[in-house]
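Student: I am new to this structure and would like a close look at a single part of it. Please take one helix and follow what surrounds it.

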Amino acid sequence: MSDDRHFIKGGPGDREVFEYAVLRVVPRVERGECINAGVLVYCRARAYVGARTHLDEARLLALDPDADLPGVRAALDAVQRVCSGGATAGQAASDDAGRRFRWLIAPRSTIVQPGPVHTGLTTDPAAETERLLGLLVR
């Protein structure tokens, strides 16, 4: 049996499964309010893990005027460094893309929290990361 994925570039057969989660900023856990501030995308077939973030500071301050903006920005930057791998990823530097994604989506009780994981199909995980940022965060 042949694998049709190689015949139609960019067609349905080229699509790969990906997983994604929204990064949420929860400034006051007791109130249960949050804003979306980023997306994490993982595609095993392409060994891709990526994150894009956008912090709407005005919205965050509307929920909590005392929110720690530098701390939230630092946490979001750390997520992007872990996705990139290499020396900037800290302890996750030598982990493969899947392990880094799983570590990032693990539930935490910090101000920046991952949402539930969803799946989809894509031909370009990096472009999907940008698309999801626009759709779910901006």
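Tutor: The model is predicted. Start with helix H3, residues 97-105. At the N-terminal end of H3, Asp96 acts as a cap, with a side-chain oxygen 3.1 Å from the backbone nitrogen of Gly98. Gly98 is also one of the buried residues of H3; the others are Ala97, Arg100, Phe101, Leu104 and Ile105. Viewed down the axis of H3, these buried residues fall within an arc of 165°, so they line one face of the helix.

What lies over that face? The cover of the buried residues includes strand S1 (16-25), strand S2 (35-43), strand S3 (48-53), helix H2 (69-84) and strand S4 (112-114).

One residue to follow from here is Leu40, which touches Phe101, Leu104 and Ile105. Leaving out residues up to four places away in sequence, Leu40 also touches Glu19, Tyr20, Ala21, Leu23, Gly50, Ala51, Val79 and Cys83.

Leu40 belongs to the largest nonpolar core, which has 25 residues. Leu40 is among those with the most contacts inside this core, along with Val25, Leu55, Leu60, Val72 and Leu76. At least two residues of the core come from each of S1, S2, S3, H2 and H3. H2 gives the largest share, six residues. Another core, of nine residues, lies apart from this one, and Tyr20, Cys43, Leu132 and Leu133 are among its members.

Two of the residues that Leu40 touches, Gly50 and Ala51, are also in contact with Thr129. Thr129 is part of helix H4, residues 125-136, and is buried, with a relative accessible area of 1%. Beyond its neighbours within four places in sequence, Thr129 also contacts Val39, Val41, Tyr48 and Arg52.

That leaves the cysteines. A disulfide is a covalent bond between the sulfur atoms of two cysteines. The count of disulfides here is zero. Cys34 is in none, and the nearest cysteine sulfur, in Cys83, is 20 Å away. For Cys43, the closest cysteine sulfur is again that of Cys83, at 14 Å, which is too far for a bond, because a disulfide needs the two sulfur atoms within 2.5 Å. As for exposure, Cys34 is partly exposed, with a relative accessible area of 34%, whereas Cys43 is buried, at 0%.

Technical notes. Residues numbered from 1 in each chain as written. Predicted model: local features only at pLDDT ≥ 70, side-chain atom pairs only at ≥ 80, totals over all residues. Heavy atoms only, no water. Buried < 20%, exposed > 50% of the residue type's maximum accessible area, 1.4 Å probe, protein only. Helix = DSSP H or I, 4+ residues; strand = E, 2+ residues; numbered from the N terminus. Arc of directions from axis to C-beta. Contact = heavy atoms within 4.5 Å. Polar contact = N/O pair within 3.5 Å; in protein donor to acceptor, adjacent residues only side chain to side chain. Core = buried A, V, L, I, M, F, W, Y, C linked by side-chain atoms within 4.5 Å.
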